[in-house]
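Me: I would like to go through this structure and ask what each label rests on. Please set the values against the cut-offs.

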Amino acid sequence: MSAPAEGNPFNLLYVLDTLRRYFWYIAATVALACVTAAVLTMPFFYPPEFLASVTIYPTSPERFDVVNLFHEEPNIYLSGGAKDVERLENIANSERVRMYVIDSLDLWPVYGVDKANDASPKFYALRTFAGNVRTVRGAGNGLTIEAYDVDPQRAASIVNLIVHKTDELSKDMLNENKATILEAYQKSLIRLQDQMSRYNDSLRRMRIRYNVLRSLTQTEVLSEQILIAEGDLAAARARYQDLKAQGAAGAAQAQTEVKAQQARLDALLNDSPGAPMNLTRFREGLDRIKSLEDVCEQLALDLKNARDKVHYLESMNSTAYSTLLIPELAQPSDRKARPVRWVILAATLLISSLVSILGAVLIDRLTALRPQPAA
């Protein structure tokens with residue numbers, strides 16, 4: 001073979017000429033690479049693997065929310081949102097789920113890991129598992145779980161176990177959260193009941209202290225008694241004035257009657273010892289009692305709301321439901337998924353052709369640049 005003349009430019013014609021001169025070397029290299037790829041993709045070297053997959057959807061948290069269903073615009077969507085998918089994906093890819101699947105199906109010998117003698121059996125098993133199993137987010141907030149295995153039934157079992165354990169852990173997390181919230185509301189209910197009891201006792205003592213038993217009724221009775229006492233006092237004064245003007249003997253007795261009626265009215269208007277009910281004491285007690293009644297009324301409302309929430313949370317905790325929507329479980333495949341031999345052979349043909357051509361050109365250029373021995 002003759003090397004290109006010194007100073008020959010590197011162009012397409014030069015490359016074509018190099019291909020012509022190194023054709024058989026290039027063809028042999030490509031053929032050898034393709035044969036090697038074909039041999040290595042045979043079942044003896046690369047056992048065919050089957051793909052099992054399933055697409056799951058997270059359930060909407062509002063789906064079982066009874067309170068939400070009675071809103072003006074309730075959320076009745078079955079599937080959850082992006083955050084719910086992210087939660088499921090994190091659980092499905094967690095080490096706890098992966099080790100559960102590996103131990104449940106005893107994948108240690110399948111992955112070529114010796115639990116007793118290998119330095120890091122868990123590391124190697126998880127690494128192999130990660131190479132065979134993956135999760136892919138799809139449209140509509142779906143999560144696709146895929147598993148490759150040489151046994152189609154085992155591939156389907158891997159996917160279904162991941163789905164089962166993901167749902168179980170997701171439910172445990174939600175139930176734990178609901179239990180925590182229920183415990184908080186139960187403590188709040190006990191606290192409100194205690195406050196309600198103490199305020200009711202205070203209200204009862206306050207009524208006894210000021211002799212205010214029924215606010216509206218006693219107001220009417222007290223007003224009526226004051227009006228009667230004022231009328232009796234006016235009548236006694238008029239009678240006293242008449243008797244005094246006439247100089248009658250009963251004037252002194254009438255004056256005593258006026259003083260008695262005045263004392264009676266004063267007892268009703270002013271706070272004085274021995275008076276069971278009077279206006280001053282009644283007003284003071286009524287203001288304090290009204291404040292306590294307002295507090296008790298608000299506490300009763302809070303207590304009712306707390307009872308309703310506790311009852312609702314208890315009913316939610318007693319309801320068993322899945323956190324996943326699973327249209328169907330994974331089924332064993334009857335066709336292998338990898339290796340795809342024609343793709344591998346096509347890629348090998350392309351790559352080996354490019355590498356051999358570049359190698360031929362490089363060798364030819366280096367040969368041309370080597371100093372020639374003197375004639």
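The exchange below takes up a helix, a buried acidic residue, the nonpolar cores and a hairpin.

Reply: One caution before the questions: this is a predicted model.

Me: Why is Asp167 counted as buried?

Reply: Buried means under 20% relative accessible area. Asp167 has 11% relative accessibility, so Asp167 counts as buried.

Me: Where does Asp167 lie, and what is Asp167 in contact with beyond its neighbours in sequence?

Reply: Asp167 is placed in helix α7. With neighbours within four places in sequence left aside, its contacts are Ser322, Thr323 and Leu324. Contact here requires heavy atoms within 4.5 Å.

Me: How do you know what span to expect of helix α2?

Reply: The expected span is 1.5 Å times one less than the number of residues. Helix α2 covers residues 23–40, which is 18 residues, and the expected value is 26 Å. From first C-alpha to last, α2 reaches 26 Å, close to that expectation.

Me: What makes the buried residues of α2 line one face?

Reply: The residues in question are Ile26, Val30, Cys34 and Ala37. Viewed down the axis of α2, they fall within an arc of 60°, so they line one face of the helix. The general background is that an α-helix has 3.6 residues a turn, so residues three or four places apart point the same way.

Me: What do the buried residues of α2 pack against, and which residues are exposed on the other side?

Reply: The buried residues pack against α1 (12–21) and α11 (341–369). On the other side of α2, the exposed residues are Trp24, Tyr25, Leu32 and Val35. Exposed means over 50% relative accessible area.

Me: What makes a set of residues a nonpolar core?

Reply: Its members must be buried residues of nine named types, from Ala to Cys, joined through side-chain atoms within 4.5 Å. The largest such core has 32 residues, and Ile102, Phe129, Ile158, Val159 and Ile162 touch the most other members. Helix α7 gives the most to this core, with eight residues. A second, separate core has 15 residues, including Leu203 and Cys296.

Me: How do you know that β2 and β3 pair?

Reply: Pairing needs at least two bridges between the strands. Six bridges join β2 (residues 133–138) to β3, and the strands run antiparallel. One bridge has Val136 with Thr144 of β3 as its partner. The two strands form a hairpin with three residues between them, and Gly140 in the turn has a positive phi of about 70°.

Note on methods: Residues numbered from 1 in each chain as written. Predicted model: local features only at pLDDT ≥ 70, side-chain atom pairs only at ≥ 80, totals over all residues. Heavy atoms only, no water. Helix = DSSP H or I, 4+ residues; strand = E, 2+ residues; numbered from the N terminus. Buried < 20%, exposed > 50% of the residue type's maximum accessible area, 1.4 Å probe, protein only. Arc of directions from axis to C-beta.
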